[in-house]
Amino acid sequence: MAGPRGPRGLATPHPEPSRGGHPRPLGGPGRAPALPIPCPASGSSRVRPTRPASPTSPPGRAPGPGLKPPLRCPPPGIDGRGAAPGETGIGKSTLINTLFNTNFEEHEASHFCPNVRLKAQTYELQESNVRLKLTIVNTVGFGDQINKEESYLPIVDYINAQFEAYLQEELKIKRSLFNYHDSRIHVCLYFIAPTGHSLKTLDLLTMKNLDNKVNIIPVIAKADTISKSELQKFKIKLMSELVCNGVQIYQFPTDDDTIAKINAAMNEHLPFAVVGSMDEVKVGNKMVKARQYPWGIVQVENENHCDFVKLREMLICTNMEDLQEQTHTRHYELYRRCKLEEMGFTDVGPENKPVSVQETYEAKRHELHGERQRKEEEMKQMFVQRVKEKEAILKEAERELHAKFEHLKRIHQEERLKLEERRRALEEERIHFSKRKSSCDIFLNQSYMASGSNIKKDKDRKNSNFM
Ligand SMILES: Nc1nc2c(ncn2[C@@H]2O[C@H](COP(=O)(O)OP(=O)(O)OP(=O)(O)O)[C@@H](O)[C@H]2O)c(=O)[nH]1
Ligand SMILES: [Mg+2]
């Protein structure tokens, strides 16, 4: 991430400090000089005046010269945190850089992230004795996945994690909330594509899931790409879609007389149509931030061209405190309540009697003990049942093996008997054959001897005839 840029008048961006760390000291080496925030409602001077302490002002609010009510300015050392979800390339970084007059050297996000990643960047601004530290959590790869259904989850998880960290600090025995590095998100600038049609399902789904966790200020990005008449119709359509779908966006408070009028007027402008640019173009004899086209110039800080100034005024100057207050009293309280109820804490018992923490603790302990015993019993039963089942299976297998053995033994015996019988038959055959062979031999001998004496007689007769 880029370090301080150096040029005068730029905010000092730096990576997110680790949790629990103290705010960075300002004015250190390499840090840009104090940034006067241009605040149109308080005049066009480069140094934004601060409001004097009023009876309702929190202690420590810096009084300043040249005050112009009804503007509310943040007290010294205010630490604001925002999230900026929006599709890839919608103009998030450009707008944030324009808002804080800084220039993070940021690489383009990839459109092929397997899931949404959150990246925090901190900006430090200072005017006279008012220090402003703003942390913006950017969403990388938001809505780039084929299945966008869960794109909002990492944002919800991140916001919940910050609430959880605060709750854990609150619940500590030795808590130190006064110097705790509060990382809760005060505002979510939700970037809507300037389609001129309607909200996308992803927009509705995300805002619906965030609206009870963070103050949502929707903004129409790249508003220079939509005509003035279309923009008005688009704004009306968006607001009616948000109402129809029960999405609650942040409304600038109108209960404080000093700012009621301006806030009521600004509520009418929601969602703000914004244009971002860090390019400076000469208009008349002044250099202004603008986007230059062949057909003309869109001036970022010209209220006839877009609502950028209104957004900056409302966000950084007028309503920063209310955003923080709402975060604590509404969103964090809701988280805390749900979490404590989930843990079994309650303020009143069944008969509407107040319940002390001790009683809740005892009841919970009792409940957990009972549950543990029930679970142990269940596990025991399950174990016995499984042993029985296993035993039955083993017995069945043994019985089958035994039957198989008996069957084989029977077959073997039958085979043995058959072989024995065959052997006996063969023996008898052999004996019979031997007998017949010996009687044949006797007969042959006798025949041979008989034929031998006859030949001799014939020979003798022949010889006597010759003589
Ligand atoms: N027409 C128009 N273009 C803009 C505006 N703001 C930014 N752009 C252009 O849009 C492109 C993307 O702007 P980025 O600010 O990088 O958008 P991003 O939402 O931060 O993008 P990723 O961080 O990559 O998601 C750049 O070319 C900007 O110059 C605007 O208000 N109007
Ligand atoms: Mg970006």
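Select Asn101 to begin. Just after helix H1, Asn101 takes a positive phi of about 50°. Keep in mind throughout that this is a predicted model.

Step back along the chain to H1 itself, residues 92-100. Is this helix mostly covered or mostly open? Colour by accessibility and look: seven of its nine residues are buried, so the helix is mostly covered by the under 20% cut-off. Pick out Lys92, Leu95, Ile96 and Asn97, then Thr98, Leu99 and Phe100; these are the buried ones.

**The cavity**

Stay on Phe100. Phe100 belongs to the lining of the largest cavity and is among the residues nearest its centre. Add Gly82, Ile136, Val187 and Leu315 to the selection, which completes that nearest group. The full lining runs to 17 residues.

How much space lies in the largest cavity? About 130 Å³. The structure holds one cavity of 30 Å³ or more.

Now show the elements around the space. Strand E2 (78-84), H1, strand E4 (130-140), strand E5 (187-192) and helix H6 (308-318) each give the lining at least two residues. Which of them supplies the largest share of the lining? Select E2: five lining residues come from this strand. Then colour the lining by class. You will find 12 nonpolar residues, four polar ones and one charged.

**Salt bridges**

Turn to the charged side chains. The count of salt bridges comes to 20. Three pairs and one network are worth a stop.

Select Arg184 and Asp182. They form a salt bridge, with the closest N and O atoms 2.7 Å apart. Is Arg184 buried or exposed? Arg184 counts as buried because its relative accessibility is 6%, below the 20% cut-off.

Next, go to helix H8, residues 357-466. Select Glu376 and Arg372. Their side chains meet in a salt bridge, at 3.8 Å from N to O. The two residues are four apart in H8, so about one helical turn separates them. Glu376 is partly exposed, at 47% relative accessibility.

Move along H8 to Glu427 and Arg430. Here the N to O distance of the salt bridge is 2.8 Å. The spacing is three residues, so about one helical turn lies between these partners too. Glu427 has a relative accessibility of 33% and counts as partly exposed. Arg430, at 46%, is also partly exposed.

For the network, select Lys235, Glu303, Asp307 and Lys310. Salt bridges with shared partners join these four residues into one network.

**Asp307**

Hold Asp307 and clear the rest. Where is Asp307 placed? Look in the loop between strand E10 (296-299) and H6. Asp307 is buried, because its relative accessible area is 7%, under the 20% cut-off. Now add Ala223 and draw a line from C-alpha to C-alpha. The distance is 8.9 Å in space, while the two residues are 84 apart in sequence.

**The surface patch**

Finish on the outside. Select Phe383, Val384 and Val387 and show their surface. Together they make a nonpolar surface patch of about 270 Å². Phe383 takes you back to helix H8. Is Phe383 buried or exposed? Phe383 is exposed, because its relative accessible area is 57%, over the 50% cut-off.

Technical notes: Residues numbered from 1 in each chain as written. Chains lettered and ligands numbered in written order. Predicted model: local features only at pLDDT ≥ 70, side-chain atom pairs only at ≥ 80, totals over all residues. Heavy atoms only, no water. Buried < 20%, exposed > 50% of the residue type's maximum accessible area, 1.4 Å probe, protein only. 1 Å grid on protein atoms, 1.4 Å probe; cavity = no way out; pocket = protein on both sides within 12 Å on 5 of 7 lines; lining within 4 Å. Points joined across faces, edges and corners; volume = space filled by probe spheres on them. Nonpolar A, V, L, I, M, F, W, Y, C, P; charged D, E, K, R; others polar. Patch = residues over 30% accessible without salt bridge, like charges linked within 9 Å, V, L, I, M, F, W, Y side chains within 5 Å. Areas by Shrake-Rupley, 256 points an atom, 1.4 Å probe, with all protein chains shown as cover.
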